[in-house]
Amino acid sequence: NKREQEPYFTDPTFHSGMSATKAKNFVSDNIIDMEKDTRVKVEWDIHLCSSPCNEPLYWIVGCILGPCTAFYHRYTVLESDLANRYMCCQGNYGKCWCPNQTRQCPTLCLALEALCLTGMCVSGTRHEIMKVAPVKDRPIEFAIIITVAIMSFFLAAMQPIAAPFNACLMSQQFHEVNKRGYRNEKMTNETEMKTTSS
């Protein structure tokens, strides 16, 4: 008897468990990451508000040439491997927005993203850095980012503030990538020390 040989046919939890797992995997692969990040994280090396003072040249260039800087920054963070690693906004706003066509011309898609959606492009790069490296926003930084994003979305008068603010984000991220490295030993050592002390 097939049901005797395969008793899971009579176990309702088997199918429900499999369905839940498949659904979770589908969402993680095609819509948005659902896995919790359990790594011990360190804060950005410099505060968001002090990034213009710590990286003045990069901040000025970011203010004047925001889209170009956003493109270059993402290109650097992805280690020039756009063909395999690029996604629209790096999946920060959902993976389903990134059609398969972007895989065929990732450089053009990144250029359009940086030009038309500069703020989202910067946020996508930040998301990629935080996904790979164990770094996190300070509570005040998170509050500032959310506040500026909401106000920029609803108030046209906030648009002039968007360029210097995006430059602050890019300066902070640029400093992090260059000083502590994208996957560097110093950042790993800091997280290990924090884990040991906690």
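**Entry 1: α5 against α8**

I began with the pair α5 and α8 in this predicted model, and I noted that α5 passes α8 in a right-handed crossing. Two packed helices are described by the angle between their axes and the distance between the axes, so I looked up both values next. The axes of α5 and helix α8, which covers residues 106–116, come within 8 Å and cross at roughly 135°. An angle over 145 degrees would count as roughly antiparallel and one from 65 to 115 as roughly perpendicular, and α5 and α8 are therefore oblique to each other.

I then listed the residues on the two sides of this contact. From α5 I wrote down Pro67, Ala70, Phe71, Arg74 and Tyr75, and from α8 I wrote down Thr107, Leu110, Ala111, Glu113, Ala114 and Leu115. Sorted by character, the residues of the contact of α5 with α8 are eight nonpolar, one polar and two charged.

**Entry 2: α5 against α9**

I stayed with α5, which spans residues 66–77, and turned to helix α9, which spans residues 118–132. Their axes come within 10 Å of each other and cross at roughly 20°. Angles under 35 degrees count as roughly parallel, and that makes α5 roughly parallel to α9. As for the handedness, I recorded that α5 passes α9 in a left-handed crossing.

Which residues of α5 meet α9? I found Gly66, Pro67, Ala70, His73, Arg74 and Val77 on the α5 side, while the α9 side supplies Thr118, Met120, Cys121, Val122, Gly124, Thr125, Glu128 and Ile129. The residues of the contact of α5 with α9 divide into seven nonpolar, five polar and two charged. Comparing my two lists, I saw that Pro67, Ala70 and Arg74 of α5 appear both in the contact with α8 and in the contact with α9.

**Entry 3: two loop residues with positive phi**

I next looked at backbone angles, and I started with Glu79, which lies in the loop between α5 and α6, the latter being residues 82–85. Phi of Glu79 is near 55°, which is a positive value in a residue other than glycine. Is Glu79 buried or partly exposed? Its relative accessibility is 44%, so I entered Glu79 as partly exposed.

I then went on to Gln90, whose place is the loop between α6 and α7, where α7 is residues 101–104. Phi of Gln90 is also positive and near 55°, again in a residue other than glycine. With a relative accessible area of 3%, however, Gln90 is buried.

**Entry 4: Ser51**

I placed Ser51 in helix α3, which runs over residues 51–54. Its relative accessible area is 0%, so Ser51 counts as buried. I followed its side chain and found that it reaches the backbone oxygen of Leu48 at 2.8 Å. Leaving aside the neighbours within four places in sequence, I noted that Ser51 is in contact with Ile46, Pro56, Cys168, Ser171 and Gln172.

**Entry 5: the whole chain**

Last, I stepped back to the protein chain as a whole, where I recorded twelve helices and two strands. Read along the sequence, the elements follow the pattern α-α-β-α-α-α-α-α-α-α-β-α-α-α. How many of the residues count as buried? The protein chain has 198 residues, and 36% of them count as buried. Among the contacts with a separation of 6 or more, I noted that 74% come from residues 24 or more positions apart.

Terms used: Residues numbered from 1 in each chain as written. Predicted model: local features only at pLDDT ≥ 70, side-chain atom pairs only at ≥ 80, totals over all residues. Heavy atoms only, no water. Helix = DSSP H or I, 4+ residues; strand = E, 2+ residues; numbered from the N terminus. Buried < 20%, exposed > 50% of the residue type's maximum accessible area, 1.4 Å probe, protein only. Polar contact = N/O pair within 3.5 Å; in protein donor to acceptor, adjacent residues only side chain to side chain. Contact = heavy atoms within 4.5 Å. Axes fitted to C-alpha atoms, helices over the stretch in contact; angles between N-to-C directions. Left-handed = near helix turned anticlockwise from the far one by under 90°. Nonpolar A, V, L, I, M, F, W, Y, C, P; charged D, E, K, R; others polar.
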